[in-house]
Structure formats: structure tokens, C-alpha cells
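Biologist: I have a two-chain model open and I'd like to learn how to read it. Could you walk me through it?

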Amino acid sequence: MKKTIPLLIVIVGGLIWVVWAFSPHYVLQEVFYNQFYLPWAYASASFAMLLGVLSLTMMHSNKIKMRAPKWQYSYFFFASFVITCLAGFIGGIQKGGLFMWMFENVQMPMSATMFSLLAFYMASAAYKAFRARSPEATVLLIAAIVVMLAQVPLGVKLSKHLPTISQWILDVPNLASKRGIMLGVGLGSVATSLKILLGIERSYLGGD
Amino acid sequence: MSFELFSNLVGAFFTLCIFSFLYKDNPFYQAAEQMLVGISLGYGLVYTYNRVFVPYVYQTIIIQHQFVLIIPAIMGMLYLLRFSRKLGWLSRYPIAFSMMGVGMGVPMGIHAAILVQMRQAMVPIESFNLFLIFIGTIAVLLYFFFSKAHKGVYGKFVNVGKWYMMIGFGASFGLTVMARISLLIGRIQFLVNDVIGILK
């Protein structure tokens, strides 16, 4: 009951999915997929979001309760979460309301800035990593510089051939390496999926 | 002060709060970081409610009377028992239901990540570039084949795969950095044009 039935759901359901991918039969395509799986998946998926909310809320309330380092900032989390929810649930999600205003003027600028910060950290990490200590690192450094320079006007001013070289790097060696990696990833993911389907891999069920 | 300017000033304030981390970790950054998490979570919750819960749970069960969907709704609620020590095992049911999709991943994964890539790699070698791509793909694949020691001629050939990957990683790194730089330019343009420009 605790582990066997969930395992059976995965194995039997998974095998039906395998057959679904190969068979255009009405029962599989319409009854199983459209009438059973999709509505059931949508109906249960919305509660998964609540799990995330509960998890973060518990983490922050524990932080406050335990007076963990930087616990005061958890109040900012709660305040912004509650205000956003109230704005969305009471005011609605249409453009012009508080909810969308907060998204456009608080959330979006902050997340864009957060990602742009990475430019600085990537530059400093690149300096440490790329100090051309080995021939391989040198190749990586040259490929990165060529691709970066080819995208800015300065690069084109330095050499008119730079965009062509950059495109060649992307189309030939980059394509070959990505394809090789993709094939490896594909084989690995299929092997892992088969392990789950056959009940060999059960870590997703948790302990006990 | 116009509403647009006020909105831009709010955006500028939070942008500067995040940028302040470049100097050092400080209370403004910490507060802004937590607010970003809180707002993102609230945004996700409200959107899930409006775009998933209302059309696929509330409307289907209450308005369209498809009462069979009460079963997956209750099953979804079992997710929340994940935190219970006694009833935590019940959360395995919705997890198992979502893991069923792994079955679809097998044929789809074989098709998208293996067969399509192999088909594209096995085109007639009509140019030097196609030859380089073919050699590179084989060399990269063999680089991750550890059942044979990377020694001798085989080791040298496998080493070619490493060089290909270094070029690939360099290209990916360059593209990622440029994407981040363009975001940075966007933020600076916002501060200069939309905030300082209007203030002038």
C-alpha cells in the first residue's frame, strides 16, 4: 500500500505511455490521453504549486522562530508574498491592476538585474578559469572571445571576417560537440527512464 | 510626479538594491532578494489559481459537473501530506501519477535525442565541414566511452573529442555572457533613459 501501489501506478501507467507513443488507436489517443490523462494531470497539478508555497512558508517561519542568521529578511518575503497574493486574488490579474504593476515594476526589474549581475561574476570567473593554463583552456578562451566579439560592432571593426569565423565555430565544431553530448544525454535519459519503468530506480518514492 | 515616473522610480530603486551587491552584501540587497522570491511565489500561485485551478478544477467539477475529477483533485491534495511524518507516504500517489510520463519519455527520448541526431549525423559527407562534424561527433561520443582505456591511437583520436568540446563550451560561454551583457545594457538603459531621462 505504501510503496507497491505507487510503484505499480508508475510501471503500468508508464507502459501504457510507451504503447501510446507507437499506437494511433482511439482508446489510447482519445480515451487515455485526452479524456483521462490530461484532465487528471491538470486537476492534480495545481496542488503541486501549494506544496512549493507550503515548503517556502515553513522554511521562512522556521527561520524566524529559530532566529536563524538574517531571519529579519524573512518578513520581507512574507510581506511581498501576501501583498502579491492579495493584489492578485482581490484585484485580479488584468493589466492596469496592482498585481501586474508589481510584476512590471518590482519583479521584472529585480529578476532582470539579478541575471545581469551574473555578467560581472561570469567575467571574474572567466578570468580565473581562462588564464590559458593549458592548450585546451586556450582553445576555449579563443572560441569564447571570437563568438563574443562577433556579436558587437567592435568585433566587426577589428576584422570583417570575425562574424564568418564565429558562425563557422557555431555551425561546425560546436554542432559536433553538442550533437555528441546530446546523444550521450539521450542514451543516459532513456536508460534512467527504463530503470524507473522497470522499478529498479525508486528514489523518487522517498524513504521508508 | 506622474504615475509613470513613480513606477520607474520604484523599478530603479529595486534595480539599484540588487546592483548594490556588486559593492558588498548589504541589507538593501538582502531585502530585495527576499522580496523577489516572495513576489515570484505569489505571482506563481495567483497564476496557477487563475490558469489551472479555476478552468481545470473549479469549472469542470462545479459548473460542468464532471465529478470524476474530484479523484485527481483529492490526489493532488495528497502532495501536501509530504510534510506529515505519519501520512507522508500518501504523497507518493500523485508523485507516481506524474512519474507515469516517464514511459512517454522512452520513445520520445529515443526519437528526439538519439534517432534524429543520428540521422542528421549520417548525411553524405559532401564537404569538409560535414567531415569535421562527423569526426567530431564520433570523437565526442567515444570520449565518454570508458570501457576502453584512452591510450595509443585510440586515445589520440578520443582526445580530438575533448578539443571539439572545448570549442563548443567556449562558444556556449560566449553566447551566455553576451546574453547577460545584453540584460545589463537593458538595465542601464532603463536607469539612464527611463529614470534619469524623465527626471531631467
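**Reading the model, one feature at a time**

Modeller: Let's begin with one residue: B:Y23 sits in the loop between α1 (3-19) and α2 (27-63) of chain B. Keep in mind that this is a predicted model.

Biologist: Does B:Y23 count as buried or exposed?

Modeller: The idea is to look at relative accessible area: under 20% is buried, over 50% is exposed, and in between is partly exposed. B:Y23 comes out at 70%, so it counts as exposed.

Biologist: And how far is B:Y23 from B:F134?

Modeller: Sequence separation and distance in space are two separate things to check. Here the two residues are 111 places apart along the chain, and their C-alpha atoms are separated by 48 Å.

Biologist: Let me try a residue in a helix. What does B:T15 look like?

Modeller: B:T15 belongs to helix α1 of chain B. With 0% relative accessibility, B:T15 is counted as buried.

Biologist: Which residues is B:T15 in contact with, beyond its neighbours within four places in sequence?

Modeller: From chain A there are A:P109 and A:T113, and from chain B there are B:R187, B:F190 and B:L191. One of those partners deserves a second look: the side chains of B:T15 and B:R187 make a polar contact at 3.0 Å.

Biologist: Let's zoom out to chain B as a whole. How many helices and strands are there?

Modeller: Chain B has seven helices and zero strands, so on the secondary-structure definition used here, the order along the sequence reads α-α-α-α-α-α-α.

Biologist: How do I judge whether chain B is spread out or compact?

Modeller: Set the radius of gyration against what a globule rule gives for that chain length. For the 200 residues of chain B the rule gives 16 Å, while the model has 27 Å, well over that value, so chain B is more spread out than a compact globule. Along the principal axes, the C-alpha atoms of chain B fill a box of roughly 70 × 60 × 35 Å.

Biologist: What share of chain B counts as buried?

Modeller: That's 44% of its 200 residues. You can also look at how contacts span the sequence: of the contacts in chain B between residues at least 6 apart, 27% join residues at least 24 apart.

Biologist: Now the interface. How many residues does each chain bring to the contact?

Modeller: Chain A brings 108 residues and chain B brings 107. About 10,200 Å² is buried between the two chains, and carbon and sulfur atoms give 82% of that area.

Biologist: How many residue pairs are in polar contact between chain A and chain B?

Modeller: The count is 13 pairs, with both residues at pLDDT 80 or more.

Biologist: Which elements supply the chain A side?

Modeller: Those giving two or more residues are α1 (4-22), α2 (26-65), α3 (74-91), α4 (98-129), α5 (135-149), α7 (162-171) and α8 (173-197) of chain A. The most comes from α4(A), with 22 residues. Sorted by type, the chain A side has 77 nonpolar, 23 polar and eight charged residues.

Biologist: How many salt bridges are there over all chains?

Modeller: Three, and two are found across the interface of chain A and chain B. For each one, ask which residues pair up, where they sit and how accessible they are. One salt bridge joins the side chains of B:D25 and A:K70, at 3.1 Å from N to O. B:D25 is in the loop between α1 and α2 of chain B, and A:K70 is in the loop between α2 and α3 of chain A, so this pair joins two chains. Both count as partly exposed, B:D25 at 36% and A:K70 at 39%.

Biologist: What about the pair A:E104 and A:K95?

Modeller: Their side chains meet in a salt bridge at 2.5 Å, N to O. A:E104 is partly exposed at 30%, whereas A:K95 is exposed at 64%.

Biologist: And where do B:K162 and A:E136 lie?

Modeller: B:K162 is in helix α7 (residues 152-199) of chain B and A:E136 is in helix α5 of chain A, so that pair joins two chains as well. Their side chains form a salt bridge of 3.1 Å, N to O. B:K162 is partly exposed at 22%, while A:E136 is buried at 16%.

Conventions. Residues are numbered from 1 along each chain as its sequence is written. Chains are lettered from A and ligands numbered from 1 in the order in which they are written. Side-chain values use heavy atoms; hydrogens and water are left out. Contact means heavy atoms within 4.5 Å. Buried area is the accessible area (1.4 Å probe) that two parts lose on being put together, summed over both. A salt bridge is a side-chain nitrogen of Lys or Arg within 4 Å of a carboxyl oxygen of Asp or Glu. A polar contact is a pair of N or O atoms within 3.5 Å; within protein, one must be able to donate a hydrogen and the other to accept it, and residues adjacent in sequence count only if both atoms are side-chain atoms. Helices (H or I, at least four residues) and strands (E, at least two) are DSSP runs, numbered from the N terminus. Ala, Val, Leu, Ile, Met, Phe, Trp, Tyr, Cys and Pro count as nonpolar, Asp, Glu, Lys and Arg as charged, and the others, Gly among them, as polar. The radius of gyration is taken over C-alpha atoms; the globule rule is 2.2 Å times the number of residues to the power 0.38. Buried means under 20% relative accessible area, exposed over 50%, partly exposed in between (1.4 Å probe, protein chains only).
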